[in-house]
Each structure stands twice: as structure tokens, then as C-alpha cells.
Amino acid sequence: MIIDFHSHNFPDAVAHRAIGNLSRAVDGKLWPVGDGTLENHLDHLDSAGVDKAVMLPVATKPSQYKVILETAIAVRDGELGERAKSKIIPFAAIHPKDPDWSKHLDEIASHGIKGLKFHPYYQDFSLSDPAIWPIFRKVAELDFVVECHAGYDIGYPGRYDSCSPKDIVALLKNVRGLKFVAAHLGGCSGFPSHATDELLECGAYIDTSSLRFNWHRDEEMRLLSSWPKDRLLFATDFPWEHYPEAISWVRSLRPVEDHEAIFSGNACRLLGLNLC
């Protein structure tokens, strides 16, 4: 079984515009492999033999909370098709500056959504800011899984703050019991060698959604080949990476006996799925 722990799609009405805006933001340095729609995402999953994908929204303003939750519920309950219901694991999102964040976290939990996505650059906050920690303490109390952007973002050149390995460590040392997945191999890109290893002591997971032009960098290869197998989650950042290539990259750097944990076992354990 293969579960992609980090993927994106958009409502049909905005997918073309969203993909275009994101592509322009990175100035042609990265091109999508899909068109951004849910159906196209499902086609790619089927073609590559990927069983499920975690769908990660980002709330760039507080008002987006409701539509993101409604979409997650619709996917989970089959309102967007049986194929989406069977293959997509929808996360929800809140904006840290939402004045009703506590109430909204309770509502998300009441609907049985398993996780939340955060992106400090898009949401203008820092993981190491003590003002944000009460939100994450409640997230931990409600037993959500957090998937969070980590490290450099190609759309924000020159930014290395807010979600560096040190920022993540500061959060996790002050918010105990948080189920935290640091995207992009823990945000290693742009930081000193072994910076991501600080996350090991804090119980964090890292996902494998490194961009393909970083796949042969020494630090990415070291992390993927050496991190404990029970703390790695296969991920692609689809539609920004092609599934067969991402799968081959991970398989090339890990022994066969590690594949089950990385490709599905850890995801099932974190999300409480009786699939693996």
C-alpha cells in the first residue's frame, strides 16, 4: 500500500487560476504535473498505483475555515464521488489569526477530521512565537495530526524564518504531545547540514516531499537514507511532483524492509487507519 501524506488539489472553479498563480509565483522554476483539480489528482493516483492521499488545504485568511471544512466533509462522505471518498484523506485548516480558533477546532474535531495543515509563510506567523502555542496546545489536546510546511519555500525567496528546524523545535519543546509532521524533509533546504536532526529528540515526523531538483543534494539524500524508518512519511506535494518518480526516489535510498513503514505503515498509525 502507498499513501501520499502531502498533496493538494483545488475546487474546479479555481483550480486553473490557483495553479497559474502558484506557477508564476515561483517564476517558472517549477511546473505542475497535474491541472490542480480533484479528478485529475485521482487519475494520477490510479495511474501510479497510489492507494490514498492526504489532501492538504491552506487557510490564507480566517474566513476560509468554513469552506475548507465543508469540502473535507464532502470528500469524506462521498458527496464528491466514491472514488474521492475511497482515495482521499481530507485535512482541515484554520488561520492562526482567526478570533474563533478554539471554537472552530472543536467543530472540526466534532466532524471527525483527523488533521490540520499549517503554512507559516502563507499564514504570517512563526512556530517559535509563544503567542501561537495555545492554539497548538489545543490541537494536541484534540489529538489532531499537524502537517506543516517547513524550511525554505520556493515562492518566498530569501525567507528562512518562521518554520526552520529551530522554530519547530521551539514549538515542540513547549507543546507536549503534538503529532507534528514537518514537510519537505523537515525543512532541511537552506539550512546547515544535520539541522533537521534536532527534530528527532522532539518526536517529530518528516515527510519526503522534497522538490526533484533537490533530490541529489547531499543533505536530502542523507536524511532520506538515514532517518529512522518509523519517523518518515512518503509524500510528494502533488501536483508539483510526478508519482512514479517520487516513489522511485524513495525506494532507491531505502532498503526493501523499510518500505512498508515509510509508504503506508507510519501514516496508518498516525491517522488511526485500519488499512496496513
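1. Let's start with Phe 263. In this predicted model, Phe 263 has 3% relative accessibility, so it counts as buried. The charged end of Arg 251 sits over the ring of Phe 263, 5.4 Å from the ring's centre.

2. Now for the wider set of rings: the structure holds seven aromatic pairs. One of them brings together Phe 118 and Phe 125, whose planes stand at 75 degrees with the centres 6.2 Å apart, so this pair is edge-to-face. Phe 118 and Phe 125 are both buried. Add Phe 136 to these two and you have one aromatic cluster.

3. Back to Phe 263, which forms an aromatic pair with Phe 234; this pair is tilted, with 45 degrees between the planes and 5.0 Å centre to centre. It links distant parts of the chain, 29 residues apart: Phe 263 belongs to helix 12 (residues 256-271), while Phe 234 lies in the loop between strand 8 (232-233) and helix 11 (243-253). Phe 234 has 0% relative accessibility, so it counts as buried too.

4. Next, have a look at the open sheet of three strands, where the order is 1-2-3 and the pairing is parallel. Strand 1 (3-7) and strand 3 (88-90) are the edge strands, each pairing on one side only. On average, neighbouring strands here are turned by 25 degrees against each other, direction ignored.

5. Within that sheet, strand 2 (residues 52-55) and strand 3 run parallel and are joined by three bridges. Met 55 stands opposite Pro 90 in strand 3. Helix 3 (residues 65-76) packs on the sheet and touches strand 2 and strand 3, its direction making about 150 degrees with that of strand 3.

Conventions
Residues numbered from 1 in each chain as written. Predicted model: local features only at pLDDT ≥ 70, side-chain atom pairs only at ≥ 80, totals over all residues. Heavy atoms only, no water. Phe/Tyr/Trp six-rings, centres within 6.5 Å; stacked < 30°, edge-to-face > 60°. Buried < 20%, exposed > 50% of the residue type's maximum accessible area, 1.4 Å probe, protein only. Helix = DSSP H or I, 4+ residues; strand = E, 2+ residues; numbered from the N terminus. Lys NZ or Arg CZ within 6 Å of the ring centre and 35° of its normal. Pairing = 2+ DSSP bridges. Axes fitted to C-alpha atoms, helices over the stretch in contact; angles between N-to-C directions. Contact = heavy atoms within 4.5 Å.
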